[in-house]
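User: I have a structure I haven't looked at before. Can you walk me through it?

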Amino acid sequence: MPPYLYISGLSRYDGSTMKKIALTGIKPTGDPHIANYLGSIKPALALAGEYDARYFIADYHALNTMKDPRELAACIRKVAAGWLAGGLDPEKVIFYRQSSIPETFELASLLMAFTSKGLMNRAHAYKAAVQDNAERGADPDAGVNMGLFTYPVLMAADIILFDADIVPVGQDQVQHIEMAQDIAQAVNFNYKQELFKLPQAAVQEQVAVVPGLDGRKMSKSYGNTIPLFASEAMLLKTIKRMVTDSQPVEAPKDPETSQIFLLYKLFATKDEQTALAARYRGGGMGWGEAKEELFRVINRELAPLRERYNAIMADLAGLDRILARGAEKARPIAAATVARFRKAAGIDW
Ligand code: TRP
């Protein structure tokens with residue numbers, strides 16, 4: 001895709017800087033864990049400053065799979081508190097809930113008219129569900145709701161609404177950003193104007209795979225995660241559950257094949273890594289001790305986050321105020337985009 005700059009139209013930058021806009025959505029579907037922190041929270045927050053950054057909790061996307069109201073409400077708050085604890089500064093960025101921006105849903109409906117069904121048929125998540133059903137001999141669309149089928153349209157609305165230049169996401173979301181691009185382009189083409197920016201996915205260089213408790217990649221779906229905001233005691237207990245082989249304490253161990261060491265590397269300084277690797281190789285260090293070292297470095301990094309997280313969760317009204325203020329900042333931007341579209345479409349009165 002060629003570089004594409006939106007130049008005409010309203011300035012939405014309070015007059016001064018013309019930073020590029022980075023936007024990402026966070027689906028609140030589980031308790032934040034260490035792989036979320038390393039793989040998405042930290043890298044996405046690193047863009048704030050260089051970019052005019054916008055982060056939102058994609059609660060309507062979560063609704064496709066989460067039907068328990070209490071669970072969803074709790075999850076939204078935990079995930080929001082997690083990002084704030086991780087360093088998101090709501091004064092410097094825009095941070096809001098998708099559900100507080102009704103323009104999102106208006107734009108999603110408008111975009112439906114420009115989205116071919118065939119495009120949606122090709123979406124990975126939908127295709128995977130259909131294939132899964134085929135393998136089980138079930139009806140192809142069993143368990144597929146329209147929210148899942150049209151997921152990329154809602155996501156395109158999230159992105160287009162806020163004029164995003166770049167969208168930091170994991171590899172699994174790249175197709176969705178390309179679809180948002182296709183949809184924006186279809187609209188621009190039809191109205192013969194650069195109504196919408198064409199967003200680009202910003203996939204960060206592969207962060208090392210974060211090993212989970214059982215040695216597989218850490219993932220909520222494997223149930224092998226280390227929670228980000230567990231108490232110190234719970235963190236230690238969870239780390240102690242990491243699966244190891246049965247080499248005796250005396251045996252020299254290879255750090256590079258140890259999941260405990262791989263995780264250690266993601267939190268330790270270079271010097272610490274070198275020193276501990278030597279102890280692994282020298283023998284005389286058992287897995288119990290290796291886990292305690294791992295706990296020490298993880299806890300060192302997470303302790304301040306945990307403290308902030310607990311403080312935020314102890315003041316939910318304060319958290320809700322932060323999100324409400326974010327929505328107040330976000331809505332005029334969203335309204336301007338929808339107004340632009342309506343005008344172009346001939347339905348602006
Ligand atoms: N689909 C994304 C995920 O599952 C979440 C999301 C929703 C999103 N809307 C977005 C990400 C817009 C980037 C931009 O992780």
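Analyst: This is a predicted model. To start with one pair of helices, α8 (residues 151-161) packs against α9 (residues 174-191) with the axes 9 Å apart and an angle of about 70 degrees between them.

User: Are α8 and α9 roughly parallel or roughly perpendicular, and why?

Analyst: Angles from 65 to 115 degrees count as roughly perpendicular, so α8 is roughly perpendicular to α9.

User: Which residues meet there?

Analyst: From α8, Tyr151, Pro152, Met155, Ala156, Ile159 and Ile160. On the α9 side they meet His176, Ile177, Met179, Ala180, Ile183 and Ala184. By class, that contact has 11 nonpolar residues, 1 polar and no charged.

User: Switching to the ligand. How many residues surround it, and which are the closest?

Analyst: The ligand is surrounded by 14 residues, and the closest are Gly25, Tyr151, Met155, Asp158 and Gln173. Tyr151 and Met155 also belong to the α8 side of the contact with α9.

User: What does the side chain of Tyr151 do at the ligand?

Analyst: One of its polar atoms lies 2.6 Å from a nitrogen atom of the ligand. For Asp158, a polar side-chain atom is 2.8 Å from a ligand nitrogen, and for Gln173 the distance is 2.9 Å.

User: Another helix pair, then. How do α4 and α14 cross?

Analyst: The axes of α4 (residues 103-112) and α14 (residues 316-345) come within 9 Å and cross at roughly 25 degrees. They are therefore roughly parallel to each other, and the crossing is left-handed.

User: What classes of residue make up that contact?

Analyst: The contact of α4 with α14 has 6 nonpolar, no polar and 4 charged residues.

Key: Residues are numbered from 1 along each chain as its sequence is written. This is a predicted model: local features need pLDDT of at least 70, side-chain atom pairs count only at pLDDT 80 or more; totals for chains, interfaces and linings use all residues. Side-chain values use heavy atoms; hydrogens and water are left out. Axes are lines fitted to C-alpha atoms, for helices over the stretch in contact, and angles run from 0 to 180 degrees between N-to-C directions. Helices (H or I, at least four residues) and strands (E, at least two) are DSSP runs, numbered from the N terminus. Angles under 35 degrees count as roughly parallel, over 145 as roughly antiparallel, 65 to 115 as roughly perpendicular and the rest as oblique. A crossing is left-handed if the near helix is turned anticlockwise from the far one by less than a right angle, and right-handed if clockwise. Ala, Val, Leu, Ile, Met, Phe, Trp, Tyr, Cys and Pro count as nonpolar, Asp, Glu, Lys and Arg as charged, and the others, Gly among them, as polar. A residue is near a molecule or strand if one of its heavy atoms lies within 4 Å of it. A polar contact is a pair of N or O atoms within 3.5 Å; within protein, one must be able to donate a hydrogen and the other to accept it, and residues adjacent in sequence count only if both atoms are side-chain atoms. Contact means heavy atoms within 4.5 Å.
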